[in-house]
Amino acid sequence: MANLKEIRNRIASVSSTMQITSAMKMVSAAKLKKAQDAITAMRPYSDKLSELLQGFSASMDTSDGSVFAEQRPVQKVLIVAITSNRGLCGGFNSNIIKQVNQLVASYSDQEVEVFSVGKKGHDILSKSLTIAGNQTSLFDDLTYENAAQIAQQLMDMFQEGTYDRIELVYNRFKNAATQIVTTEQFLPVVPASSSNSEQLDYIFEPSQAYIVNTLIPKSLKTQLYKATRDSYASEHGARMTAMHKATDNATELRDQLKLTYNKARQAAITNEILEIVGGAEALNN
């Protein structure tokens with residue numbers, strides 16, 4: 001009977017876990033819908049702004065005051081790793097950490113530091129790499145204003161010469177089951193290649209200096225905001241998928257335990273019947 005009690009306890013434990021994973025799946029599914037709508041609506045604007053910025057930066061000289069497009073010898077690199085504050089989302093965070101480590105290894109001749117956005121990335125990367133900054137409260141209130149503050153901080157560090165290149169590493173949302181680990185150069189601004197875009201003669205209104213000082217910072221802030229939005233949608237997609245699989249596994253395990261319990265219970269009943277029959281035979285003899 002002790003064996004039956006252990007199986008009953010395991011069935012109760014698995015059923016409780018299954019309820020938790022099922023609830024987490026439904027919560028992430030609800031949040032994913034809003035996050036997916038937000039990033040889908042934002043992408044056309046962000047992509048067009050980046051395209052315009054690249055074409056514009058290709059026609060500028062460093063004397064135009066475009067410090068964010070200045071190509072300098074790369075000596076110090078900052079990697080912005082965008083992860084999540086919570087776990088239980090499959091390989092969402094581990095894929096980012098793996099990509100960051102590979103990127104650090106590729107800059108073997110440069111000094112590399114990491115700026116972490118998200119608690120999970122900071123907890124792991126801080127053990128082996130130099131952390132230049134950490135931002136964990138962004139996903140508690142993911143707005144353009146909060147993302148713009150981080151982008152402004154990164155732009156200030158590049159403008160002051162603290163870093164010669166800044167790169168973003170994040171999960172790009174494709175669908176609920178697929179997240180693409182993406183590495184983007186944040187600063188300096190990457191000009192459009194001549195093979196992909198023809199040289200355009202821009203007419204600046206009100207002035208080229210005004211465009212430089214307004215469009216580039218706005219585009220960079222939008223780029224970082226899009227990356228955090230992509231990461232946020234990817235997180236809930238990964239968590240929904242992981243919790244769906246966990247619920248299915250818990251259901252399968254519970255069914256197996258119930259079958260084992262029924263077999264053990266049937267065996268115990270059979271033994272009791274045999275003992276009764278044996279006792280009755282002994283009394284008759």
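Where is the place of Leu88? Leu88 sits in the loop between E1 and H2, and it opens this set of close-up views of a predicted model.

**View 1. Leu88 in the loop between E1 and H2.**
Start with the backbone here: phi of Leu88 is near 55°, a positive value in a residue other than glycine. Most residues other than glycine have a negative phi. As for its surroundings, Leu88 has 55% relative accessibility and therefore counts as exposed, the cut-off being over 50%.

**View 2. The open sheet of 5 strands.**
Reading across the sheet, the order is E3-E2-E1-E4-E5, and the pairing is mixed. Strand E3 (131–135) and strand E5 (178–187) are the edge strands, as each pairs on one side only. From one strand to the next, the twist averages 20°.

**View 3. Strand E2 and its parallel partners, E1 and E3.**
On one pairing, strand E1 (residues 76–82) runs parallel to E2, with 7 bridges between the two. Look for Ile82, which stands opposite Val117 in E2. On the other pairing, E2 and E3 also run parallel and are joined by 4 bridges. Here Ser116 has Asn134 in E3 as its bridge partner. Is strand E2 (residues 111–117) largely enclosed or largely open, and why? Strand E2 is largely enclosed by the rest of the structure, because 6 of its 7 residues are buried.

**View 4. The antiparallel pair E4 and E5.**
This view moves to the pairing of E4 with E5, which is antiparallel and spans 9 bridges. A hairpin of 2 residues makes the connection from E4 to E5. A handy landmark is Val169, whose bridge partner in E5 is Thr183. In a regular strand, side chains alternate between the two faces of the sheet, a useful thing to keep in mind while looking along a strand.

**View 5. A cis peptide bond from Leu187 to Pro188.**
Follow the chain to the loop between E5 and H5, where Pro188 is found. The bond that leads from Leu187 into Pro188 is cis, with omega near -5°. Most peptide bonds are trans.

**View 6. Helices H2 and H5 against the sheet.**
Helix H2 (residues 92–106) packs on the sheet and touches E1, E2, strand E4 (165–175) and E5. The direction of H2 makes about 150° with that of E4. H5, for its part, lies across E1, E4 and E5 and runs at about 40° to E4.

**View 7. Helices H4 and H5 packed together.**
Helix H4 (residues 144–159) packs with helix H5 (residues 208–284) at an angle of about 120°, and their axes are 8 Å apart. That angle makes H4 oblique to H5. The crossing of the two helices is right-handed. From H4, the residues that make the contact include Tyr144, Ala147, Ile150 and Met155. From H5, they include Pro217, Leu220, Leu224, Tyr225 and Thr228. By type, the contact between H4 and H5 comprises 11 nonpolar, 3 polar and 2 charged residues.

**View 8. Met157 in helix H4.**
Is Met157 buried or exposed? Its relative accessibility is 14%, so Met157 counts as buried. Leaving aside residues up to four places away in sequence, Met157 touches Leu78, Thr162 and Tyr163. The partner Leu78 is 79 residues from Met157 along the chain, and their C-alpha atoms are separated by 9.6 Å.

**View 9. Glu235 and Asp255, two residues of helix H5.**
Which residues does Glu235 touch, not counting those up to four places away in sequence? They are Ser84, Arg86, Cys89 and Phe92. Glu235 has 5% relative accessibility, so this residue counts as buried. Asp255, also in helix H5, has 41% relative accessibility and therefore counts as partly exposed. To finish, find Ile11: Asp255 and Ile11 are 244 residues apart along the chain, with 8.7 Å between their C-alpha atoms.

Notes
Residues are numbered from 1 along each chain as its sequence is written. This is a predicted model: local features need pLDDT of at least 70, side-chain atom pairs count only at pLDDT 80 or more; totals for chains, interfaces and linings use all residues. Side-chain values use heavy atoms; hydrogens and water are left out. Axes are lines fitted to C-alpha atoms, for helices over the stretch in contact, and angles run from 0 to 180 degrees between N-to-C directions. Angles under 35 degrees count as roughly parallel, over 145 as roughly antiparallel, 65 to 115 as roughly perpendicular and the rest as oblique. A crossing is left-handed if the near helix is turned anticlockwise from the far one by less than a right angle, and right-handed if clockwise. Contact means heavy atoms within 4.5 Å. Ala, Val, Leu, Ile, Met, Phe, Trp, Tyr, Cys and Pro count as nonpolar, Asp, Glu, Lys and Arg as charged, and the others, Gly among them, as polar. Buried means under 20% relative accessible area, exposed over 50%, partly exposed in between (1.4 Å probe, protein chains only). Two strands pair if DSSP finds at least two bridges between them.
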